[in-house]
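Reader: Got a minute to walk me through this one? I'd like to start with pockets.
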Amino acid sequence: KGDYFGTSAKAYFKIVPKGTSLKAATGAKKAIVFKWKKQATQTSGYELKYSTKKNLKSGKTVIVKSPKATAKKVTGLKSGTKYFAKIRTFKTVNGKKYYSSWSKVMAGTTK
């Protein structure tokens, strides 16, 4: 009760952008085209991680800086090889990146 003057308060919060999910992993010659559901409202871009191992150990990461993107062709892969991938969104605020949780893993095979 009563009036308070000359005080200040700080609020802390964590930014967690809405995630996305992989829709397709289409094999091409020494490449795979990964497609996902667009999440442009809370997103600065996407981070795609892929590997020949299902647990994605020693996997490679590709950054897609367009929030409107819905696909990425990953090239330079081995022919006839199964690759696994997962994706997450990120939001950049004041130079710092905040990430969503990772999507479920999806597999695709190169031609």
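Author: Sure, terms first: on a 1 Å grid over the protein atoms alone, a pocket is an open set of points where a 1.4 Å probe fits, with protein on both sides within 12 Å along at least five of seven lines. Lining residues have an atom within 4 Å of a point. Grid points are joined across faces, edges and corners, and a volume is the space filled by probe spheres set on the points. This is a predicted model, where local features need pLDDT of at least 70, side-chain atom pairs count only at pLDDT 80 or more, and totals for chains, interfaces and linings use all residues. Residues are numbered from 1 along each chain as its sequence is written, and side-chain values use heavy atoms, with hydrogens and water left out.

Reader: OK, how much space lies in the largest pocket?
Author: About 220 Å³. Of its 13 lining residues, Tyr50, Thr52, Lys60, Leu77 and Tyr83 are the closest to the centre.

Reader: And how does the lining divide into nonpolar, polar and charged?
Author: There are 3 nonpolar, 6 polar and 4 charged residues. Here Ala, Val, Leu, Ile, Met, Phe, Trp, Tyr, Cys and Pro count as nonpolar, Asp, Glu, Lys and Arg as charged, and the others, Gly among them, as polar.

Reader: Switching topic: which residues touch the most other members in the largest nonpolar core?
Author: Leu22, Phe34, Trp36, Leu48 and Tyr50, out of 16 residues. Such a core is a set of buried Ala, Val, Leu, Ile, Met, Phe, Trp, Tyr and Cys residues joined through side-chain atoms within 4.5 Å. Buried means under 20% relative accessible area, exposed over 50%, partly exposed in between (1.4 Å probe, protein chains only).

Reader: Any salt bridges, and how many?
Author: The structure holds 1, meaning a side-chain nitrogen of Lys or Arg within 4 Å of a carboxyl oxygen of Asp or Glu. Glu47 and Arg88 form it, at 2.6 Å from N to O. Glu47 lies in strand E3 and Arg88 in strand E6, so the pair ties together parts that are 41 residues apart in sequence. Strands (E, at least two residues) are DSSP runs, numbered from the N terminus.

Reader: Are those two buried or exposed?
Author: Glu47 and Arg88 are both buried.

Reader: Last one: what's up with the phi of Leu56?
Author: Leu56 has a positive phi of about 60°, although it is not a glycine. Leu56 sits in the loop between E3 and E4 and is buried, at 3% relative accessibility. Ser58 is in the loop between E3 and E4 and has a positive phi of about 50°, but Ser58 is exposed, at 67%.

Technical notes. Helices (H or I, at least four residues) and strands (E, at least two) are DSSP runs, numbered from the N terminus.
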